[in-house]
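Welcome, and thanks for taking a look. Below is a friendly walk through one protein chain, meant to be read with the structure open beside it.

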Amino acid sequence: MRKIFAVLAALLIGLPAYAAELGDDGLHKAAWMRDTFKDLREDLAEATAEGKRLAIIIEQRGCIYCKKMHEEVFIDPAIDSYIKDNYFFVQINMFGDVEVTDFDGETLPEKEMVQKWGALFTPLMIYFPEEVAEGLTAPQAAVAQVPGAFGKWTTLNMLSWVKEEGYAGEEPFQKYHARKLETQLSE
């Protein structure tokens, strides 16, 4: 009986390591998320200086799909490692009041910026090129936008497609993903 309790206690102690941490704002927090002033031009410059790609993730409190991404996808060691090594992610609260400065220079609270961008779903990941022309808004500058929750392989393949600048080539993401998935599922 003591062995059973010891095993149960060990399992319960280990559970928090797999649970996604929630911040005071009710949003999931990952170690790879950057705490910035949310000035996209500054964030892009910092990401580029680190040799990483800038991406935004828009989330909201109580979002079941955000929870799924944080508890089932982002914790995968391959995805977590890929993001840490290659990306500079900034979190935006869909209904938050923190000021965000868009690439075009306009500054608005998060909730108003999200409306300006026409974002309707969470999570929404927006990926950016290494350089953004003057006067563009985030959606205009984006090389890819991914609304909703996806599984491990779709997420990992989108991350790698953007990092490899697949958007600038002949192979659209869907074909890239299908090609990569064949290999990944056979491993």
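## Gln184 and its neighbours

Leaving aside residues up to four places away in sequence, Gln184 touches Trp153, Leu156 and Asn157. Before going further, please keep in mind that this is a predicted model. Gln184 sits in helix 8. Is Gln184 buried or exposed? With a relative accessibility of 11%, Gln184 counts as buried, because the cut-off for that class is under 20%.

## Helix 7 against helix 8

The neighbours of Gln184 lead us to a helix pair. Helix 7 covers residues 152-163 and helix 8 covers residues 173-186; their axes come within 10 Å and cross at roughly 120 degrees. That angle makes helix 7 oblique to helix 8, because angles of 65 to 115 degrees count as roughly perpendicular and those over 145 as roughly antiparallel, with the rest oblique. As for handedness, helix 7 passes helix 8 in a right-handed crossing.

Which residues make the contact? Helix 7 contributes Trp153, Thr154, Leu156, Asn157, Met158, Ser160 and Trp161. From helix 8 come Phe173, Tyr176, His177, Lys180, Leu181, Gln184 and Leu185. Sorted by character, the residues of this contact divide into eight nonpolar, five polar and one charged. Gln184, with which we began, is thus one of the helix 8 residues in this contact.

## Backbone details worth a look

If you like to check torsions, here are some places to start. In the loop between helix 7 and helix 8 lies Glu165. Its phi is near 60 degrees, a positive value in a residue other than glycine. Glu165 counts as partly exposed, at 32% relative accessibility.

Lys38 also has a phi near 60 degrees, again positive in a residue that is not glycine. You will find Lys38 in the loop between strand 3 (33-34) and helix 2 (40-49). Buried or exposed, how does Lys38 count? Lys38 is buried, with a relative accessible area of 10%. Turning to omega, the peptide bond from Thr122 to Pro123 is cis, with a value near -10 degrees. Pro123 belongs to the loop that runs between helix 5 (110-117) and strand 8 (124-127).

## Pro109 in strand 7

Another proline, Pro109, is part of strand 7, which spans residues 107-109. Which residues does Pro109 touch, not counting those up to four places away in sequence? They are Gly96, Asp97, Val98 and Glu99. For a distance to check in your viewer, try the C-alpha atoms of Pro109 and Asn93: they are separated by 9.6 Å, and the two residues are 16 apart along the chain.

## Cysteines and disulfides

A disulfide is a covalent bond between the sulfur atoms of two cysteines. How many disulfides does a search of the whole structure find? The search finds zero. Two cysteines can still be described by their surroundings. Cys63 is buried, with a relative accessible area of 8%. Cys66 is buried as well, with a relative accessible area of 1%.

## The chain as a whole

Finally, let us step back. The chain holds eight helices and nine strands. It has 187 residues, of which 44% count as buried; Gln184, at 11% relative accessibility, is counted as buried. Among contacts with a separation of 6 or more, 65% are between residues 24 or more positions apart.

Definitions and conventions:
Residues are numbered from 1 along each chain as its sequence is written. This is a predicted model: local features need pLDDT of at least 70, side-chain atom pairs count only at pLDDT 80 or more; totals for chains, interfaces and linings use all residues. Side-chain values use heavy atoms; hydrogens and water are left out. Axes are lines fitted to C-alpha atoms, for helices over the stretch in contact, and angles run from 0 to 180 degrees between N-to-C directions. Helices (H or I, at least four residues) and strands (E, at least two) are DSSP runs, numbered from the N terminus. Angles under 35 degrees count as roughly parallel, over 145 as roughly antiparallel, 65 to 115 as roughly perpendicular and the rest as oblique. A crossing is left-handed if the near helix is turned anticlockwise from the far one by less than a right angle, and right-handed if clockwise. Contact means heavy atoms within 4.5 Å. Ala, Val, Leu, Ile, Met, Phe, Trp, Tyr, Cys and Pro count as nonpolar, Asp, Glu, Lys and Arg as charged, and the others, Gly among them, as polar. Buried means under 20% relative accessible area, exposed over 50%, partly exposed in between (1.4 Å probe, protein chains only). A disulfide is a pair of cysteine sulfur atoms within 2.5 Å.
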